Amino acid sequence: MLTGRTTLTVAEELPVDPPSRGQVLYDQTVPRHLVHRAAVSEVFLTDLRVIDDTTFSVGAQWPRDHSFYRLPTPHRHDPMLLAETIRQAALVIAHQVFGVPLDWKFMSHETSYQITTAGLALGARPADILLSVTCRDIKRRGNRVAGMGMDITCHRDGRQIGSGSVNWSCVTSAAYQRLRAGKIEQGAVPEEPPPPVAKVQVGRDRSRDVVLSPLDRAGSWLLRVDRHHPVLFDHPVDHVPGMVLHEAARQAAALLINWPGLVPVACRFTFDKYVEFTCPVVVTPVRCAPTTSGALGVGVKIEQDGQTVAHGLMDMRIVD
């Protein structure tokens, strides 16, 4: 629900040159702290350019292979790369354009993406991605931006291949401390995660990348949290990140359908509450009617302590 950030060094806290106008570049990544990542290898954004006060171009590059965001097929990128790219784009625009301080805490309330099968094609080079971002419903607290919605179109090689959106808000570090009083565990020693479901059932080739465990309840699974995971937990956070919930929904859909080759080409997710480390989390997928495009719809509900903490809908499709 909230995009965590690692502790920054003094050097990292120094301002970065503001974004300029012109064509986006793909020569290097943006500074990692602007997208709340500790590992440079997990930064997908390469550039940010201003079009006008509420419209921006963001460059990104998707690697031909990734340690976590990957499919069983060798011919396609993982669509979750788009979800993570949208998350990073929202953060870099917030910090670089709207001046949101680096120590403020972000909360994603709703996210969505959709992408074409052709847009996922794996080429002979990494994929250079162009995001066109339009900001709307900008909310302010005093002279500071406190949240907004963003609508995104995704282009590759001059063609639109997808789109997405995100609605987020942010609070000061002090306000976050009050909001999370008694629940912040940042720095706590991670517990050993429970045994995973069989990796082949969820389209994974490593057990450490499985985020679900068996549950004594038909049709539901337990969220498996491995706080040592180098991608899903790139740095210490005080609650379960949204991308972990996205992946749990994807894997639950594979278990429900019993078809790990299906890929989430579209997804809309709502985050209702923070997902804590201190209480079991239950993930329940529900088969929905096929979409008008022929994809298989799967709804997913994520519950903790008897309450819905997140829910979403995915369009699953076979990609070769």
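1. A salt bridge, as used in this note, is a side-chain nitrogen of Lys or Arg lying within 4 Å of a carboxyl oxygen of Asp or Glu. Keep that in mind for Asp-209 and Arg-206: their closest N and O atoms are 3.0 Å apart, and the two form a salt bridge. The partners sit in unlike surroundings. Asp-209 has a relative accessible area of 1%, so we call it buried, whereas Arg-206, at 31%, is partly exposed. One thing to remember as you read on: this is a predicted model.

2. How many salt bridges does the structure hold? There are 16. A good one to find on screen is Asp-320 with Arg-76, where the closest N and O atoms come to 2.9 Å. Asp-320 is in the segment after strand 13 (307-318), while Arg-76 belongs to the loop between strand 3 and helix 2, so this bridge ties together parts that are 244 residues apart in sequence. Have a look at the accessibility too: Asp-320 is exposed, with a relative accessible area of 54%, but Arg-76 is buried, at 17%.

3. Now for a pair within one helix. Arg-87 and Glu-84 also make a salt bridge, with an N to O distance of 2.9 Å. Both of them lie in helix 2, 3 residues apart, which is about one turn of the helix. Are these two buried or exposed? Arg-87 counts as buried because its relative accessibility is 12%, under the 20% cut-off. Glu-84 counts as buried as well, at 1%.

4. Salt bridges can also join up into a network. Here, one such network links Asp-78, Arg-204, Glu-247 and Arg-250. Try showing those four side chains together.

5. Next, the aromatic rings. Searching the whole structure turns up 7 aromatic pairs. One of them is Phe-44 with Tyr-69: the ring centres are 6.5 Å apart and the planes meet at 70°, so the pair is edge-to-face. These residues come from distant parts of the chain, 25 residues apart: Phe-44 is in the loop between helix 1 (10-13) and strand 2 (45-52), and Tyr-69 is in the loop between strand 3 (55-62) and helix 2 (80-96). Phe-44 and Tyr-69 are both buried.

6. Tyr-69 has another aromatic partner to check, Phe-68. Why is this pair called edge-to-face? The planes of Phe-68 and Tyr-69 are at 80°, with the ring centres 5.2 Å apart, and planes over 60 degrees apart count as edge-to-face. Phe-68 is buried, just as Tyr-69 is. Put the pieces together and you get one aromatic cluster made of Phe-44, Phe-68 and Tyr-69.

7. Rings can have charges over them too. Take Arg-180: its charged end sits over the ring of Tyr-274, 4.4 Å from the ring's centre. Arg-227 does something similar with Phe-277, lying over the face of the ring at 3.7 Å from its centre.

8. His-95 deserves a paragraph of its own. You'll find His-95 in helix 2, where it is buried, with a relative accessible area of 7%. What does the His-95 side chain reach? There is a polar contact of 2.9 Å between the side chains of His-95 and His-36, and the His-95 side chain also comes to 2.7 Å from the backbone oxygen of Val-100. If you set aside neighbours within four places in sequence, the residues in contact with His-95 are Leu-34, His-36, Val-100, Pro-101, Leu-102 and Phe-106.

9. Helix 4 makes a nice ruler exercise. It has 16 residues (242-257), and at 1.5 Å a residue it should span 22 Å; the end C-alpha atoms are 23 Å apart, which agrees. To get that expected span, multiply 1.5 Å by one less than the number of residues. Helix 4 is also mostly covered, as 15 of its 16 residues are buried. Just after the helix, look at Asn-258, which takes a positive phi of about 60°.

10. Last stop: Ser-108, in strand 4 (residues 105-115). With a relative accessibility of 12%, Ser-108 counts as buried. How far apart in space are Ser-108 and Trp-62? From C-alpha to C-alpha they are 23 Å apart, and in sequence they are separated by 46 residues.

Technical notes:
Residues are numbered from 1 along each chain as its sequence is written. Side-chain values use heavy atoms; hydrogens and water are left out. Helices (H or I, at least four residues) and strands (E, at least two) are DSSP runs, numbered from the N terminus. Buried means under 20% relative accessible area, exposed over 50%, partly exposed in between (1.4 Å probe, protein chains only). Rings of Phe, Tyr and Trp (its six-membered ring) pair if their centres lie within 6.5 Å; planes under 30 degrees apart count as stacked, over 60 as edge-to-face and the rest as tilted. A charge sits over a ring if NZ of Lys or CZ of Arg is within 6 Å of the ring centre and within 35 degrees of the ring normal. A polar contact is a pair of N or O atoms within 3.5 Å; within protein, one must be able to donate a hydrogen and the other to accept it, and residues adjacent in sequence count only if both atoms are side-chain atoms. Contact means heavy atoms within 4.5 Å.
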